[in-house]
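Here is a walk through one model, taken a few helices and residues at a time. Have the structure open and follow along.

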Amino acid sequence: MLRVPADSAPIPGSSGASPRVPVGRAGGPAQRKASQVFNHSRQRPLRRAALAGGVVALAATVVLGQPGAANPAAAAAPAATAPNALFGRSDPTYDGVLRQSIALLAQDAAGLEPGSAAVDWLLGQQCADGSFLSFRANAQEPCDDVTAADSNATALAAQALAALGGHDERVSAALGWLAGVQNADGGWSYNPGGPSDANSTALVSSAFSAAGESPAEVLREGNSPFEALAALQLDCEAPEGERGAFAWQPDPESGELTANDAATVDAVLAAAGSGLLVDPEAVSATAPGFDPCDGGSPESPEDGDDGADRSADEPTDPADRTDEPTDEPTDDTAATEGGTENGTDGAAGDEAGAPLSPQLTSGLAGAARLSVTLADNGQYLMAPSATPDEEAERLPDFGNTAKAIIALAALGDEAALAGPLGWLREHHGEWPDYTQSPAAVGLLVLAAHAGGDSPTEFGGTNLVNTLNALGPAPDDGAGRGDGTADDDSGGGLGVVLWVIVLGLLAGVAIGVALSVRRNRRHETDEAFGSDEPTTPAERDRAAEADDAAEADDAGEADDVREADDSGKADDAAEAEEPKDADRKRDEND
């Protein structure tokens, strides 16, 4: 079990210990601007919890490609130029690492080998202590200000590098830094030193799962990430439309929890023991439709049982439960890279009918709430209103709808994800300027992949080609494994290879034909005797015969020429006869 003391030990790959920041420190102006971009704690008290998490982290407007949205923080600072190795052309100051990580995850999901330049750029963004900032314009300068480190960017970069493979030390350094800045309640804030929020806590937890580690064993003062998330979940005493949902943070004045779709999506994915890259073939259903507030039971369904008809009324809050996770992981629940069938951390029982762990029970309750919300809205999630006006129009939240599909897929709830997947397939083209946002296109690819759909034929859109056009070309354009890459993605090189292959096949065919012909002639000679001379005398006679034949041919040619000349003379004589007759008539006249 990973227990991090108050004074953190040195992180592998770093030059020293992970700095600890006093809880509550807000950071400097740059961090406050980043908080505004990701809609952290800058809202009016009564509505802040509802609005702030709505576009936090991956769903932030700057990250998920709502390019038309106003960004006062970005306007206050000069725009940075996007490097050539970075996906996207927009200012990367607040989302460079985030969008690069999502793009690399999406290419990996599509079976492509991301370009080495793109991977190297991400590696170059990592600080010596293992953390990542949102963006480092000059990667040669040290990361001196720990409050500028970005837990969300670090978590996503760790997910991407873990998925690509071959970067174990870098991933370990990132996870080590995250463990070192964990809050006392077991959670994380966007920047070190702030109070825990559901989105950051869930995203970091998913990073540990994606790297094959157990989030439940990452403890600060005895608290894991799931204790922090449990404190942010609305239980069965909440209003009916909010039960099972998660809040971004408690209201700072009243402590009230307000249901937040974005927080719920990320928390459900974390409870499922998964990162953003979900393999639908490696996931099995875990009590789909389970809702403890509706009389469900936190047990794995028996064969043929969907877990819906249960009698026990269990609390959603894991802190109120008495059952504990199994002490030793089994083959079905041990943490492996990319998660397990029913999630990591011993989340599900290893036998049908075994009790579910508190964190998975909590996640299933959140998933049930998501399913109801999606159905009520027409199979999509809504973005928070930009104004306090309750009557203001609320637009579809494409990014969080995509992540909801990923979260439901991680739980194996195919019935619940079918509706939003179909809606996103039909309406993704309405996402404003999404084709210019690597994070937006990347999330669509990941949602299609998780839902078992093809990202190259998603509602008539080749999302893979769209993504590839926004950044460095993949090293293996023809695809690496699952055949989802476009057939012509190899470009001219593929055509040349085909020509070479066809040429070789043609050469082989000609060689075989000549060999067969020689063999058949040899067989004929053996059967009927060869007509070729085999002794010197025979060869001499054959040569004399050839000379005689040539002489005969020459004589025949002379005869032909003489006959031809004679014919020409006769023709000339015949032509002269009319002329002679004409002369005689003229003389008589």
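## A buried helix to start with

All 14 of the 14 residues in H4 are buried, so this helix is largely enclosed by the rest of the structure. Before going further, keep in mind that this is a predicted model. H4 covers residues 96-109, and its end-to-end reach, first C-alpha to last, is 20 Å, close to the 20 Å expected at 1.5 Å a residue. Just past the helix sits Gly111, with a positive phi of about 85 degrees.

Gln100 is a good residue to click on here, since its place is in H4. What is its relative accessible area? It comes out at 0%, so Gln100 is buried. Setting aside residues up to four places away in sequence, Gln100 touches Ala85, Leu86 and Phe87 on one stretch of numbering, plus Ala118, Trp121 and Leu122 on another.

## The overall picture

Zooming out, the protein has 17 helices and two strands. Its chain runs to 589 residues, and buried ones make up 48% of them. Take the contacts with a sequence separation of 6 or more: residues 24 or more positions apart account for 66% of these.

## H8 and its cap

H8 also turns out to be wrapped up: 13 of its 13 residues are buried, so the helix is largely enclosed by the rest of the structure. Here are the two helices side by side.

| Helix | Residues | Number of residues | Reach, first to last C-alpha | Expected reach |
|---|---|---|---|---|
| H4 | 96-109 | 14 residues | 20 Å | 20 Å |
| H8 | 198-210 | 13 residues | 18 Å | 18 Å |

Which residue caps the N-terminal end of H8? That job goes to Asp197, which places a side-chain oxygen 3.1 Å from the backbone nitrogen of Asn199. Asn199 itself is in H8, and its relative accessibility of 0% makes it buried. The side chain of Asn199 has a partner too, reaching the backbone oxygen of Ala262 at 3.4 Å. Just after H8, Gly212 takes a positive phi of about 85 degrees.

## H10 against H11

Now for a helix pair. Two packed helices are described by the angle between their axes and the distance between the axes. For H10 (residues 261-271) and H11 (residues 358-377), the angle is about 140 degrees and the axes lie 8 Å apart. The two are therefore oblique to each other, and H10 passes H11 in a left-handed crossing.

Which residues meet there? H10 brings Asp261, Thr264, Val265, Val268 and Ala271, while the H11 side includes Gly363, Gly366 and Ala367 along with Gln359, Leu360, Leu370 and Thr373.

## Loops worth a look

Move on to the loop between H11 and H12 (398-410), where you'll find Gln379. Its phi is near 75 degrees, a positive value in a residue other than glycine. Gln379 has a relative accessible area of 25%, so it is partly exposed.

Asp433 is another case, sitting in the loop between H13 (414-427) and H14 (438-450). Phi of Asp433 is near 55 degrees, again positive in a residue other than glycine. With 45% relative accessibility, Asp433 counts as partly exposed.

Then there's His167, in the loop between H6 (151-164) and H7 (168-180). Is this loop residue buried or exposed? His167 is buried, at a relative accessible area of 18%, because the cut-off for buried is under 20%. Leaving aside neighbours within four places in sequence, His167 is in contact with Val119, Leu123 and Leu161. Along the chain, Leu123 is 44 residues from His167, yet their C-alpha atoms are separated by 9.1 Å. The side chain of His167 also reaches the backbone oxygen of Gly165, at 3.5 Å.

## Last stop: Leu444

Finish in H14, which holds Leu444. This leucine is buried, at 0% relative accessibility. Not counting residues up to four places away in sequence, Leu444 touches Leu424, His428, Trp431, Tyr434 and Leu463. Measure out to Ile405 as well: Leu444 and Ile405 are 39 residues apart in sequence, and their C-alpha atoms are 9.9 Å apart in space.

Notes: Residues numbered from 1 in each chain as written. Predicted model: local features only at pLDDT ≥ 70, side-chain atom pairs only at ≥ 80, totals over all residues. Heavy atoms only, no water. Helix = DSSP H or I, 4+ residues; strand = E, 2+ residues; numbered from the N terminus. Expected span 1.5 Å × (residues − 1). Buried < 20%, exposed > 50% of the residue type's maximum accessible area, 1.4 Å probe, protein only. Polar contact = N/O pair within 3.5 Å; in protein donor to acceptor, adjacent residues only side chain to side chain. Axes fitted to C-alpha atoms, helices over the stretch in contact; angles between N-to-C directions. Parallel < 35°, antiparallel > 145°, perpendicular 65-115°, else oblique. Left-handed = near helix turned anticlockwise from the far one by under 90°. Contact = heavy atoms within 4.5 Å.
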